[in-house]
Amino acid sequence: MEMDSTAKEKAIQDAINAIRPALQNDGGDIEYISYDEETKNVHVRLVGACAGCPMSQMTLTNGVQRYIRETVDKELTVVNDNQVASYF
């Protein structure tokens, strides 16, 4: 059964909150920003030690995105808005 947008956004936030302790253990954190239903992009911001870590993209793809795809929707893509903003 397909979730409506509100339920999907809540599930995404719950998934992010479930993996936050792992990032916090390494001195970092993740902040949920938004979910775009049309593009299926989940916008987040990595903060603390994660913000400047060279491994942050791997953590985002292999950790955060994989977990969200497994628990919410396999078509979601997680976008780190820290990296988007740094190009401007």
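In this predicted model, a patch of negative charge sits on the surface, made up of Asp4, Asp36, Glu37 and Glu38. Of these, Asp4 comes from the segment just before helix 1, which covers residues 5–25.

Opposite charges also find each other here. In general, side chains of opposite charge can pair when their charged atoms come close. Searching the whole structure turns up seven salt bridges. One of them joins Lys10 to Asp14, with 2.9 Å between the closest N and O atoms. The two residues are four apart in helix 1, so about one helical turn separates them. Both ends of this bridge are partly exposed: Lys10 has a relative accessibility of 46%, and Asp14 comes in at 38%.

Another salt bridge pairs Arg45 with Glu31, and here the closest N and O atoms are 3.0 Å apart. Arg45 belongs to strand 2 (residues 41–48) and Glu31 to strand 1 (residues 28–36), so this pair ties together parts 14 residues apart in sequence. Arg45 is partly exposed at 34% relative accessibility, as is Glu31 at 35%.

Then there is the salt bridge between the side chains of Lys40 and Glu75, at 3.5 Å from N to O. This one links distant parts of the chain, 35 residues apart: Lys40 is in the loop between strands 1 and 2, while Glu75 is in the loop between helix 2 (56–71) and strand 3 (77–80). Lys40 is partly exposed, with a relative accessibility of 22%, and Glu75 is also partly exposed, at 47%. The pair doesn't stand alone, either: Lys40 and Glu75 are part of a network of salt bridges that also takes in Lys8 and Asp73.

Conventions. Residues numbered from 1 in each chain as written. Predicted model: local features only at pLDDT ≥ 70, side-chain atom pairs only at ≥ 80, totals over all residues. Heavy atoms only, no water. Patch = residues over 30% accessible without salt bridge, like charges linked within 9 Å, V, L, I, M, F, W, Y side chains within 5 Å. Areas by Shrake-Rupley, 256 points an atom, 1.4 Å probe, with all protein chains shown as cover. Salt bridge = Lys/Arg side-chain N within 4 Å of Asp/Glu carboxyl O. Lys, Arg positive; Asp, Glu negative; His and termini not counted. Charge placed at Lys NZ, Arg CZ, Asp CG, Glu CD. Buried < 20%, exposed > 50% of the residue type's maximum accessible area, 1.4 Å probe, protein only.
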